[in-house]
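Ready for some practice in reading a binding site? Work through the exercises below with the structure open beside you.

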Amino acid sequence: MAQLDTLDIIVLAVLLLGTIAYFTKGTYWAVYGDPYGNSLANSNGAAKAGKSRNIIEKMEEADKNCVVFYGSQTGTAEDYASRLAKEGHSRFGLNTLVADLEDYDYENLDKFPDDKLAVFVLATYGEGEPTDNAVEFYEFFGSEDVSFSEGGSADDSPLSNLKYVAFGLGNNTYEHYNSMVRNVDKYLTKLGATRLGAAGEGDDGAGTMEEDFLAWKEPMWTAVSEALGLEEREAVYEPVFEITEKPEMNAEDDTVYLGEPNKNHLEGSQKGPFNANNPFIAPIAESTELFTDKTRNCLHMEISIAGSNLSYTTGDHIAIWPTNAGKEVDRFLNVLGLSEKRHTVVTVKGLDPTAKVPFPSPTTYDAAVRYHIEICAPVSRQFVSTLAQFSPSEDIKTEMVKLGSDKDYFHEKVIDRNLNVSQLLEILSNGKPWTSIPFSLMIEGLVKIQPRYYSISSSSYVQKDKIAITAVVESIEKPGAPHVVKGVTTNYLLALKQKQHGEPHPDPHGLNYAIVGPRNKYDGIHVPVHVRHSNFKLPSDPSKPIIMVGPGTGVAPFRAFVQERAAQAKAGQNVGKTVLFFGCRNRNHDFLYVKEWDAYKDALGDNFIMHTAFSREGPNKVYVQHKIEEYAEELNKLLEQKAYFYVCGDAANMAREVNSLLAKIISKHRNVSETKGEEIVKAMRASNQYQEDVWS
Ligand SMILES: Cc1cc2nc3c(=O)[nH]c(=O)nc-3n(C[C@H](O)[C@H](O)[C@H](O)COP(=O)(O)OP(=O)(O)OC[C@H]3O[C@@H](n4cnc5c(N)ncnc54)[C@H](O)[C@@H]3O)c2cc1C
Ligand SMILES: NC(=O)c1ccc[n+]([C@@H]2O[C@H](COP(=O)([O-])OP(=O)(O)OC[C@H]3O[C@@H](n4cnc5c(N)ncnc54)[C@H](OP(=O)(O)O)[C@@H]3O)[C@@H](O)[C@H]2O)c1
Ligand SMILES: Cc1cc2nc3c(=O)[nH]c(=O)nc-3n(C[C@H](O)[C@H](O)[C@H](O)COP(=O)(O)O)c2cc1C
């Protein structure tokens, strides 16, 4: 055989790498780009793969003088960013662009023109962390040696041209309240940028997010218009999207999206990598009811990820992509007068090249509403104001204007009655359709439907191809409210469970979910999912002791932890003390996984200790905190042996109370002041000895 020279080897290596890359495309390496394949959305939107990541260039190209950046996990900050962009345009004539923080680079912000404006709308997550799409942005500004295109260091005020405004979304029940906006504001001012108006902070914990936002933005607009010399004009509604009905097309045409999330799904061949833009349509392997109490439901589901290339490790989250209930889809379409046209094919196109179409088209009104728009959430006061001009009569318009402008009245008539947008419109017009509302306005004014996260309740060590979830079915009745709020996703899961169990009418509460999905693609029974990795992790050394606190569904990840440690013990590994504090209402009604704990005890022996608190069995409430106090001395000893401490479940009350109780216990049993106890707990958090997986 002829000898290979160096050039031959290089050529062969390049060919080999190219071939590997081609055949593993989408499997081992991500193909980022537009999640909607070659839908109309492709011609719109912010920076896409191959497009410029230079925001200044982008603004110049599109003739924009204001960019509204958002850092959002579940869509609220994104929604606020769109609202600010629209308002800036309609009231002040700003040419605005909404930008996902992850689509751009920030080294050239030192060249940001001084007659333009940057807006930052930033949600905070976890231990005061950025949202997934803001990680790189935050790392860039937070770095010690941040440097910009012109080479200036922090001391040279490199951002002295940049004028900005900032609003943060947070929840005061978390320790690091609104730390994203606070820190970003600090970094920007330190770099010489000028903030216009105050930095706003919205508080989800107090339930005042929307009102905080509304209260912040008026003085902000005053400051912006003064600084940029803008004149306020009468706001006129201008649609962002062009909706074109296509009578020549049929809903069954194979180019029409009937709820498929992107082109691969439309073409029937789902392809990885599966992620927040591209769900895996996963088979539900098993589903069971965990409560014996017939008035509430809690589902255990086993979701197969075999063959998907998705992976998880114990402590991660799975996201479920919901479908809206048919009952609410019908209401929404009726209210808009679109029932008859629900299966008409439409295209949705941004009227401005920078407008991001939130779902693929051509589609139908039915599919857009059922699969892509968050129609059941509480309606916002600002949106009610905007909708007023499209009222079907003058009387209704007067009422809408009042609701939109009077905060207390809105609270009494809308918030206190848990109304979503179509419930409100239906009540106000007595069922008469609001035919003047442009469909574009509904797409602009409502949030894109959001996947819901669940703490995985299985161990990847025990079952790497099957993910378990433990989900309590949401149902909220309120005196004076005309409807019961039925959680979108959990009632969908309940319907899927009923179908799997062969119930003749898998239709909880008449919600009428489209269980088989678009073109029957979810039949058999499937649900769209993706996995989100978390930092909520067992110690890598199983001999380390752990203490877990998880009342109600907060026990979900701890079932996984205990399952893992029991399997490790069975496999002969040295497993340390495993202490679980669990609480529920009544041991006979909602004791989750009651039959499993004994089996784990058999495997772990005396190393597994479970303390239970039942809140509704006797005259007094017994909570996990009471049990923690009862066993405080042992707990403190374990913590001194560097036990890991975990809390999961309700962020608003339980997790906070456990945090302060622990500080008190440490203070008492180590004979130090309460302040010192608090400092020790803080240090435990900083070193990951104390970990939380909480939601509210
Ligand atoms: C990291 C993380 C982990 C989680 N893990 C779990 C878990 O393991 N198990 C679990 O059960 N849950 C878990 N959750 C909660 C879960 O993600 C969902 O929020 C929950 O299941 C409700 O979803 P849903 O779609 O059924 O309800 P939604 O429709 O989203 O409603 C949720 C709540 O919003 C409010 N709401 C909705 N519509 C209205 C309205 N019109 N008016 C007024 N209020 C309204 C109500 O309070 C309602 O309960 C977790 C959340 C996070 C962030
Ligand atoms: N946002 C969401 O979508 C969502 C979804 C699921 C759960 N959650 C939250 O997660 C928590 C668990 O929900 P769940 O339905 O699984 O359980 P749950 O049945 O509401 O509560 C579990 C146990 O915790 C007790 N409890 C109530 N307040 C407590 C406190 N301050 N400290 C300690 N224990 C307390 C309850 O007692 P009593 O009820 O008898 O007082 C009950 O015994 C709830 O707080 C719920 O709000 C939120
Ligand atoms: C799991 C989780 C963690 C959170 N962590 C924090 C936090 O550390 N600090 C804070 O101020 N808010 C925190 N929040 C509140 C969010 O910032 C708030 O709900 C915000 O409205 C979410 O915006 P988004 O929908 O754009 O993602 C948290 C919310 C969740 C669900």
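**Exercise 1.** In this predicted model, find how the residues of the shell around ligand 1 divide into nonpolar, polar and charged.

*Solution.* Start by sorting the shell: 12 residues are nonpolar, nine are polar and three are charged. Next, look for those that come nearest among the 24 residues around ligand 1: they are Tyr453, Tyr454, Glu474, Thr489 and Thr490. Then turn to the elements: β13 (452-455), β14 (466-472), α15 (488-500) and β22 (690-695) each give two or more residues to this shell. Of these, β13 gives the most, with four residues.

**Exercise 2.** Find which polar atoms of the protein lie by ligand 1, and say where the ligand lies among the domains.

*Solution.* Begin with Glu474, where a side-chain N or O atom is 2.4 Å from an oxygen atom of ligand 1. Move on to the backbone: an N or O atom of Val488 lies 2.9 Å from a ligand oxygen, and one of Asn418 lies 3.2 Å from a ligand nitrogen. Finally, the domains: ligand 1 lies between domain 3 (241-267 + 324-445) and domain 4 (546-695), because both give residues to its shell.

**Exercise 3.** Work out how much of the accessible area of ligand 3 the protein covers.

*Solution.* First find the backbone contacts: ligand 3 has an oxygen atom 2.7 Å from an N or O atom of Gln73, and an oxygen atom 2.8 Å from a polar atom of Ala77. Now the cover: on its own, ligand 3 has 640 Å² of accessible area, and the protein covers 87% of that. The elements giving two or more residues to its shell are α3 (76-92) and β4 (163-170).

Conventions: Residues are numbered from 1 along each chain as its sequence is written. Chains are lettered from A and ligands numbered from 1 in the order in which they are written. This is a predicted model: local features need pLDDT of at least 70, side-chain atom pairs count only at pLDDT 80 or more; totals for chains, interfaces and linings use all residues. Side-chain values use heavy atoms; hydrogens and water are left out. A residue is near a molecule or strand if one of its heavy atoms lies within 4 Å of it. A polar contact is a pair of N or O atoms within 3.5 Å; within protein, one must be able to donate a hydrogen and the other to accept it, and residues adjacent in sequence count only if both atoms are side-chain atoms. Ala, Val, Leu, Ile, Met, Phe, Trp, Tyr, Cys and Pro count as nonpolar, Asp, Glu, Lys and Arg as charged, and the others, Gly among them, as polar. Domain bounds come from an automatic or database domain assignment. Accessible areas come from the Shrake-Rupley method with a 1.4 Å probe; for residues, only the protein chains shown count as cover.
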